[in-house]
Amino acid sequence: MNSRTTRRPATPRLAVAVTASASAFLLTACGALDSVAGDDSSTTPNKRNDITVGLLLPDRDTARFDKFDYPLIEKHVKSLTAGKGKVVYANAEASATKQNAQMEQMIADKADVLLVDAVDAKAIASSIEKAKAAGIPVIAYDRLAQGPITAYVSHDNELVGEVQGRAIVDALGADAKSSKIVMLNGSLPDPNTARFKQGALSELKNRVIIAKSYNTEEWVPEIAEANMKKAIAALGVDNIAAVYAANDGIAGAAIKALKDAGVAKMPPVTGQDAELVAVQRIVSGEQYMTVYKPFPQEATDAAELAVAKVRNSKLRFDALATETVDSPSDQGIPARLVPVVALTKDNIKDTVIEDGVYTVKDICTAAYKADCAAIGLE
Ligand code: GAL
């Protein structure tokens, strides 16, 4: 384990994850901010609204980055700055080298603050040092980058893994102990991968048989599919009782490999990110669950922290960054950790629909109409 979170909630962690309503949380967070609004007295007038936020996201294989994180952050920066703030966006397309170059360009262009979701948490540290030397604060977004960062906005990522692992144990019920499962983990340079895996193992170890376990370089679904094929060849397609898939891209790949191999009954497959195609697979029963990490909240909080930092608004900043985490290079990093929710057939309405991530129309296209009706999604 390479990072530590302090000040965890007192409520049992799984209970929080499964029951918390993302929208209820949104209201709480807004309330907290309202109470400190207007505390920008120390700001130089020209930096109140004329702010450039550099946003660096890691890849395009996972839909959330281009589809949600970027537009949501941009929208919120604009709304906080009377339309005057700018977001300059760069996607690293899974290349750590490219991401370092992108960050250095943003430093040269004198961005006011940088938000970085690192491809490789360690490799980005040298560019973060350069930002610091240039007086540009860097906030780690979703993945805990190493180096002198100002803050971290993410989720309790170990809890994400716990929620996934627990879902498998629950789905297997009395048969769990004798069931063989396959683990398809994420990309190793992504620090979240170890956290997801550690959380999942805390639920799975000694409760199921982990027959095969693989990492997925750069989270590429085709790599996950090739690994799943290897597992099927070694174990036999109908001897796999469940698949731990670290995210929805990997879940889709595992399901494809199982179908191509002629699986008699689809075993429970986990996921993460609540991608639209994954929610549709959950509706039709192909995918068992996903972890919904409320993007609107994470993105809004990141935008808020970035703007507060540039404006030097300490009260606003501290109202959001209420926890601290340690990275392998730094201790006591102010952090904002947004709760996560297990998404199954039973709570699609209370999560992604209620938060406006998708409409019923988005999910219930012609192919899913009947399945949607069967679970009351109309
Ligand atoms: C993780 C992130 C996930 C997922 C994955 C794939 O770090 O937390 O939401 O998208 O990367 O890139």
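Is leucine 204 buried or exposed? Leucine 204 turns out to be buried, with a relative accessible area of 0%; "buried" here means under 20% relative accessible area, "exposed" over 50%, and "partly exposed" in between, using a 1.4 Å probe and protein chains only. We're looking at a predicted model, in which local features need pLDDT of at least 70, side-chain atom pairs count only at pLDDT 80 or more, and totals for chains, interfaces and linings use all residues. Residues are numbered from 1 along each chain as its sequence is written, and side-chain values use heavy atoms, with hydrogens and water left out.

Let's stay with that leucine for a moment. Leucine 204 sits in helix α7. Helices (H or I, at least four residues) and strands (E, at least two) are DSSP runs, numbered from the N terminus. Setting aside residues up to four places away in sequence, Leucine 204 touches Gly165, Ile168, Val169, Ile181, Met183 and Ile210, where a contact means heavy atoms within 4.5 Å. One of these partners, glycine 165, is 39 residues away in sequence, yet the C-alpha to C-alpha distance is 5.7 Å.

That pair belongs to a helix-helix contact. Two packed helices are described by the angle between their axes and the distance between the axes. For α6 and α7, the axes come within 6 Å and cross at roughly 35°. Axes are lines fitted to C-alpha atoms, for helices over the stretch in contact, and angles run from 0 to 180 degrees between N-to-C directions. The crossing of α6 and α7 is right-handed, that is, the near helix is turned clockwise from the far one by less than a right angle. Residues of α6 in this contact include Gly161, Gly165 and Ile168, and those of α7 include Phe196, Ala200 and Leu204.

Now for the sheet. It's an open one with three strands in the order β8-β7-β9, paired in parallel; strands count as paired if DSSP finds at least two bridges between them. At the edges are β8 (209-214) and β9 (242-245), each pairing on one side only. Neighbouring strands are turned by 20° against each other on average, direction ignored. Strand β7 (residues 180-184) is joined to β9 by four bridges, and valine 182 stands opposite valine 243 in β9. Helix α6 (residues 157-172) packs on this sheet, touching β7 and β9, with its direction at about 170° to that of β9. Helix α9 (residues 248-260) also lies across β7 and β9, running at about 150° to β9.

What fills the space between such elements? In soluble globular proteins, nonpolar side chains tend to be buried together. Here the largest nonpolar core has 44 residues, with Ile181, Met228 and Leu258 making the most contacts inside it. A nonpolar core is a set of buried Ala, Val, Leu, Ile, Met, Phe, Trp, Tyr and Cys residues joined through side-chain atoms within 4.5 Å. The elements giving two or more residues to this core are α6, β7, α7 (191-204), α8 (221-235), β9 and α9. Leucine 258 has Met228, Ile232 and Val243 among its contacts beyond four places in sequence. Apart from this core lies another, of 26 residues, among them Val53, Val77, Tyr141 and Val310.

Further along the chain comes helix α10 (residues 276-284), where Ala278, Val279, Gln280, Arg281, Ile282 and Val283 are buried. Their cover includes α9, β10 (290-292), β13 (341-343), α14 and α15. Between those last two helices, α14 (360-363) and α15 (369-374), the loop holds tyrosine 368. Tyrosine 368 is in contact with Gln280, Val283, Ser284 and Ile363, leaving aside neighbours within four places in sequence. Just after α10, glycine 285 takes a positive phi of about 90°.

Most residues other than glycine have a negative phi, and most peptide bonds are trans. Alanine 82, in the loop between α3 (64-80) and β3 (86-91), has a positive phi of about 50° and is exposed at 59% relative accessibility. Lysine 110, in the loop between α4 (96-108) and β4 (113-116), has a positive phi of about 65° and is exposed too, with a relative accessible area of 65%.

Finally, the overall tally: the protein chain has 15 helices and 13 strands, and buried residues make up 56% of its 378 residues.
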